[in-house]
Amino acid sequence: MSSVPEYFGTLVFDDRTMKGCLSPEAYASLRKTIDEGAKLDISLANEVAQAMKEWAISKGATHYTHWFQPMTGITAEKHDSFITPGADGRVIMEFSGKELIKGEPDASSFPSGGLRATFEARGYTAWDPTSYAFIKGNSLCIPTAFCSYGGQALDKKTPLLRSMEALNKQALRVIKLFGNEDVKCVRTSVGPEQEYFLVDKKLYDQRPDLKFAGRTLFGAPAPKGQELSDHYFGVIPTRVTNYMEDLNEELWKLGIFAKTEHNEVAPAQHELAPIYSSTNLATDQNQLTMEIMQKVALKHDLVCLLHEKPFEGVNGSGKHNNWSMATDTGVNLLSPGETPYENAQFLTFLVAVIEAVDEYQDLLRITVATAGNDHRLGANEAPPAVVSMFLGDELTGVLKAIEEDAPYGGGAKKPMKLGVDVLPLFKRDSTDRNRTSPFAFTGNKFEFRMLGSQNSIACANIMLNAAVASVLQKYADILENATDFESELHKLIQKTIKEHKRIIFDGNGYDDSWLEEAAKRGLSNYRTTPDALPHLTDKKNMDMLTGLKVYMASELESREEILLDNYNKTIIIEARTMVDMATKNILPAIYDYESSLINTESVKKGLGLGAGKYESKVIDILSKDIDLISEKADELAATIDEVSKIEDIKAQSEAIRDKVLPLMDELRAPADDAEKNVPEKNWPYPSYAKLLFSVD
């Protein structure tokens, strides 16, 4: 078998491949498009398309597809073959620059939030040259943006690219003020850590809730959960190891830098973490990673669960978004550096992030608002719904010293002045980590820990890039007109610290007392998706996002509608599944077992043995459970019908939150209670014990 360096990236039309397949002139021109956003002319597109086609065919590809990311939460693709009729009745393999640059999928069936009428079908996909094409199966996949006939973005990639450009533009303005004339661009990079569960496929196939909802809607707890902490970083089971080896190989062929793998806290839970890459590429690769994780699992008779909360009572799965900014000259703007001016530059970008997170904390919360993630946030396994930042003792101390014009740590004789006194040289790991913080500084990056495991990372990074860009724009406007740069910079940083320090919290984010403290500080606490999403179109947010041209106003309005509609439909599907499972299988199973107990009790009485204590006790429990399950299933079914008739999406989401979800809990409780008292062989669905502990 080939070594990893030999096959790594062999299915990607990456820089190495482009350099080998294109003429030097075409390669240089394409690099200029990728690196600087230079316009791509049709002659270059034709040469790239020809090279792509020849390379793809050499890898066994027969088709090509414009691969895009609509607002469904997953990717989409329409495959066309390379074949074209030849003059003699045979075929030739062709692929033009026009076909590379633009595609035309039907846009009418994708979520548009009112941007498109159902009968308006035309939509366009446009090649994104900054993200590498790749081979999947027998198809050349070309990463593209997706927009409507009127030019509105119908996807997640287009706003992401806009946000990256907005941050680049404003960051360059600030960078130049520090004398960095050689810097041509600033890019954000991301390393998304991906958590997931693996369950046996035979067991999965017996659970309608896992099939339809991605999570178990019923299930009594197993005798053992995660309380011993013996699964976390424990020995990886052989079957899982084999899966991870195959997964790594598939990811590495696609140039995805899968680096770290380990058991997570909950039984049957694991994590995969890649090396950092540019935000656009990382977003594409994370979508690919989730798809491949699920495909490879099936080859091992496993199912990969990406839902945020597949099992009640054990930790759910998140996706930690490790975000940073760097120049094309290799300088990480969130790394302190080794000179006073580098320190000053670092602190400028640091406080810009602090202000951005504080000012647009609602937008960050919105990016992680889903029906699945609502089960996880604040559940003593993930950050609360309140956004806060962790900086650690050293940085917090430095900012406090700047705020108060005081010496830092008692070691300096003068108050801290940027660019005058030598600031302490911060070490990358100068402080402990805080796993309860939603937004934590971890040395030279920030870790945004609120994302759900099946979320696209695009949304969080769009808002993060845009929010930081808006603050940097303000800073640049001030500093470019300063008569004394150092003095104005010091005042700016000091003012920012004073006005936005409320967002900094280094304590236990899981503690209830923090929620009280956060309320006193004026931090928002949108506990559920219906609480959070309507704030997407608040004037403050609309002004910022449209002002930077990251979104049009109509695009924001459509996304609010799409996301609320998705929340509503997700929970209605779950509720219907619960009613179906309860009435068709759970109730009959309980009734059958209760009947057998009644028969046993009757036989005992007939033999003069008296009523059995066990039978009497369990019959009483099950009778109450049956009545309650039947009552709540009927009530839930009626409520589903009621809320389904509500036409206003926001009102419907609130009704679902306030009426449907509580009834789902009320239906689950007696069913789970009954499961504890019915023999496993009589219960219609595999237990938590089997699902969580059957993969070895």
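Student: What makes the pair Asp 484 and Glu 486 at the start of α16 a polar contact?

Tutor: In this predicted model, a side-chain oxygen of Asp 484 comes to within 3.4 Å of the backbone nitrogen of Glu 486. A polar contact requires N or O atoms within 3.5 Å, so the pair qualifies.

Student: How do you know that the span of helix α16 is close to the expected one?

Tutor: Helix α16 covers residues 485–500, which is 16 residues, and reaches 22 Å from its first C-alpha to its last. The expected span, at 1.5 Å a residue, is 22 Å as well. Among the buried residues of α16 are Phe 485, Leu 489, Gln 494 and Ile 497.

Student: Which residues of α16 does Glu 403 touch, and why is Glu 403 called buried?

Tutor: Glu 403, in helix α14, touches residues including Gln 494, Ile 497 and Lys 498. Its relative accessible area is 14%; buried means under 20%, so Glu 403 is classed as buried.

Student: Why is the link between Asp 128 and Lys 157 called a salt bridge?

Tutor: The distance from N to O between the two side chains is 2.7 Å. The limit is 4 Å between a side-chain nitrogen of Lys or Arg and a carboxyl oxygen of Asp or Glu, so the pair counts.

Student: What places do Asp 128 and Lys 157 have in the chain, and are they buried or exposed?

Tutor: Asp 128 is in the loop between β7 and β8, and Lys 157 is in helix α6, 29 residues apart. Asp 128 has 4% relative accessibility and Lys 157 has 2%. Both values are under 20%, so both residues are buried.

Student: What makes Asp 284 a second salt-bridge partner of Lys 157?

Tutor: The closest N and O atoms of Asp 284 and Lys 157 are 3.0 Å apart, which is within 4 Å. Asp 284 belongs to helix α10 and Lys 157 to helix α6, so the salt bridge ties together parts that are 127 residues apart in sequence. Asp 284 is buried, as is Lys 157.

Student: How do you know that Gln 69 is in contact with Asp 284 through a polar pair, and why is Gln 69 called buried?

Tutor: The side chains of Gln 69 and Asp 284 make a polar contact at 2.6 Å, within the 3.5 Å limit. Gln 69 has 3% relative accessibility, so with a cut-off of under 20% it is buried. Lys 157 is also one of the residues in contact with Gln 69.

Student: Why are Lys 690 and Glu 680 called partly exposed?

Tutor: Lys 690 has 41% relative accessibility and Glu 680 has 47%. Partly exposed covers values between 20% and 50%, so both residues belong there. The two form a salt bridge, with the closest N and O atoms 3.7 Å apart.

Student: Why is Thr 529 called buried, and what does its side chain reach?

Tutor: Thr 529, in helix α18, has a relative accessible area of 0%, so it is buried by the under 20% rule. The side chain of Thr 529 reaches the backbone nitrogen of Thr 370 at 3.1 Å.

Student: What makes Tyr 276 partly exposed, and which patch does it belong to?

Tutor: The relative accessibility of Tyr 276 is 32%, which lies between 20% and 50%, so Tyr 276 is partly exposed. Tyr 276 forms a nonpolar surface patch with Phe 257 and Ile 275, with about 250 Å² of accessible area together.

Note on methods
Residues numbered from 1 in each chain as written. Predicted model: local features only at pLDDT ≥ 70, side-chain atom pairs only at ≥ 80, totals over all residues. Heavy atoms only, no water. Patch = residues over 30% accessible without salt bridge, like charges linked within 9 Å, V, L, I, M, F, W, Y side chains within 5 Å. Areas by Shrake-Rupley, 256 points an atom, 1.4 Å probe, with all protein chains shown as cover. Buried < 20%, exposed > 50% of the residue type's maximum accessible area, 1.4 Å probe, protein only. Helix = DSSP H or I, 4+ residues; strand = E, 2+ residues; numbered from the N terminus. Expected span 1.5 Å × (residues − 1). Polar contact = N/O pair within 3.5 Å; in protein donor to acceptor, adjacent residues only side chain to side chain. Contact = heavy atoms within 4.5 Å. Lists of a residue's contacts leave out its neighbours within four places in sequence.
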